[in-house]
Amino acid sequence: MAEIRCPHCGEAFTVDETEYAQIVKQVRDAEFERDIAERVELVRQGQASAVEAAVAQANVRAQQQLSNAQASLQGQLAEKDALIAKLRSEVEQGKSAVDVARLSAQREADAKLAARDRDLAQSRQRIAELEAQAKAAQQAFASEKALAVREATSEQGEKIVALEGQVTAAQLERDQVEAQLRQEMTEKLGYKDQAIRDKEDEIDRLRNQRSRLSVKLIGETLEQHCEMEFNRVRMMAFPKAEFHKDNDVVDGTKGDYVFRELDDSGVEVVSIMFDMKNEDDNSTNRKRNEDHLKKLDKDRRDKGCEYAVLVSTLEPESELYNTGIVDVSYLYPKMYVIRPQFFLPLISLLRNAGRNAVEARRELEEIRQQNIDITGFEDALEDFKAKFGKNYETASKKFGTAIEEIDKTIDHLNKVKENLLSSERQLRIANDKAEGLTIRKLTWKNPTMKAKFAEAAAEREARGLEAGEDVTGVDAVAADDPVEPDEVE
């Protein structure tokens, strides 16, 4: 768009590239026509000068020829007149002579006069020839002059004809362009007037509508407008993005909408916290855009968003906010204030910047993985050697401790072995004692048990007699005198 200011009224108006090109072409055609006119005038002046010079030169040549011819004729006529006068004087003088002499003289004079007449006729004929030659010279001069004029003017005439043709074509083209421009300007003025009337009707309608809306409904109208604009291009421009109302209240506050988009690998490309602010034109409690920035920054940090955007119609007369996208990062980081018409363009700009940043980080990570840092490798090697030495030292200590523990275990096992050997000896002695145990020893100094064994022996003896068995051994044991048992070691 180019801005043009009227030199008469001083009013500035903007035109697009096509209109500007047409205006420039119109000015260029006017300059071209003026240049052609100047060149044609110069050619005509040069042609007129050439013609005048040729005519003057031809006139000079013809005048010289005529003057030379006239001088020659006058000289011959003067000679003839002098001769005739002399003859006449001689004739007058010869009248008084004798008749014979007079007659002879008369005859001679007549002969001379006849000769002079013949000479005069020849002179007149010569004069006629000279005059014919002069006329022929004049005609030749006229022909030469016409030829010179034609030669001098033919090239210029062709140039003039060509220039005149170009001028005519340029004039026709200019007339067509002017007609087209006039028609387009007329149509545009009609469209402009109609658009102005439509805008005025829309303004009146909006004013009437705003007068019937509450403050909450006014704000919701802007939110609905932004949501509808986003949904209109969602599947075409943002198929993988999320755009939803912020219903999560943190510390008593929340934003209006949250925009998030992830790439195919699940990495977040961009996230934006939106806050929409609108107010009635007739509202008396007017606020500024800066009054809402602190809360918006808090909502952005609470929801973990990268950017914060305030979509606002507040301060409608402010030139700062009416120019386009306003970066207010000098107040709060990564924050912008826009008018509703810049809602989708700002999302596109931030989304594309986020994609470029993610791609740059991915490429940097790939480069870092492909190109190993030698210093880092040496540090890692030294760290590995140090850790390996530390582990080796610890393993050595543990190995020594294990050897010591094994030695202690061997000593302990030897003691266990000795204890087991001693236990075996005691078991052998106990076994020997068990094998040497008899009823006599058991009943030693125990009359009760002795009586029980005697009863048992009597019963067995009785059963044996009945069965015909030999029970003398049992009876012998029961009948022996008691012997004192051995002492237990």
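Which side chain does a polar contact of 2.4 Å join to that of Asn278? Select Asn278 and Thr313: the contact runs between the side chains of these two residues. The model on screen is a predicted one. Asn278 sits in the loop that follows strand 5 (268-277) and precedes helix 4 (293-302). Its relative accessible area is 15%, so Asn278 is buried.

**Along helix 4**

Next, select Lys298 and Asp302. These two form a salt bridge, with the closest N and O atoms 2.9 Å apart. Both belong to helix 4, and because they are four residues apart, about one helical turn separates them. Asp302 has a relative accessibility of 31%, so it counts as partly exposed. Lys298, at 24%, is likewise partly exposed. Add Asp251 to the selection: Asp251, Lys298 and Asp302 make up a network of salt bridges.

Then go to Glu306, in the loop between helix 4 and strand 6. With 27% relative accessibility, Glu306 is partly exposed. Show Ser271 as well and draw the C-alpha to C-alpha distance: Glu306 and Ser271 are 5.3 Å apart in space, while 35 residues apart in sequence.

**Two positive phi values**

Select Glu315, in the loop between strand 6 (307-312) and helix 5 (319-322). What is the sign of phi at Glu315? The angle is positive, about 50°, although the residue is not a glycine. Most residues other than glycine have a negative phi. Glu315 counts as partly exposed, with 24% relative accessibility.

Lys334 is the next stop. Here phi is near 50°, again a positive value in a residue other than glycine. Lys334 lies in the loop between strand 7 (326-327) and strand 8 (335-338). It is partly exposed, its relative accessible area being 38%.

**Salt bridges at helix 6**

How many salt bridges does the model have? The count comes to 19. For one that links distant parts of the chain, select Glu261 and Arg355. Their closest N and O atoms are 3.2 Å apart. Glu261 is in strand 4 (residues 257-262) and Arg355 in helix 6 (residues 343-370), with their positions 94 residues apart in sequence. Is Glu261 buried or exposed? Glu261 is buried, with a relative accessible area of 3%, whereas Arg355 is partly exposed at 41% relative accessibility.

Stay on helix 6 and select Glu359 and Arg362. This pair also forms a salt bridge, and its closest N and O atoms are 3.0 Å apart. The two residues are three apart in helix 6, so about one helical turn separates them. Arg362 is partly exposed, with a relative accessible area of 31%. Glu359 is partly exposed too, with 37%.

**Two surface patches**

Switch to a surface view. Select Leu381, Phe384, Phe388 and Tyr392, which make a nonpolar surface patch of about 470 Å². Of these residues, Phe388 can be placed in helix 7 (residues 374-435).

For the last stop, select Asp198, Glu200, Asp201 and Asp204. They form a negative surface patch. Asp198 is part of helix 2 (residues 99-212). Its relative accessibility is 38%, so Asp198 counts as partly exposed.

Terms used:
Residues numbered from 1 in each chain as written. Predicted model: local features only at pLDDT ≥ 70, side-chain atom pairs only at ≥ 80, totals over all residues. Heavy atoms only, no water. Buried < 20%, exposed > 50% of the residue type's maximum accessible area, 1.4 Å probe, protein only. Polar contact = N/O pair within 3.5 Å; in protein donor to acceptor, adjacent residues only side chain to side chain. Patch = residues over 30% accessible without salt bridge, like charges linked within 9 Å, V, L, I, M, F, W, Y side chains within 5 Å. Areas by Shrake-Rupley, 256 points an atom, 1.4 Å probe, with all protein chains shown as cover. Salt bridge = Lys/Arg side-chain N within 4 Å of Asp/Glu carboxyl O. Lys, Arg positive; Asp, Glu negative; His and termini not counted. Charge placed at Lys NZ, Arg CZ, Asp CG, Glu CD.
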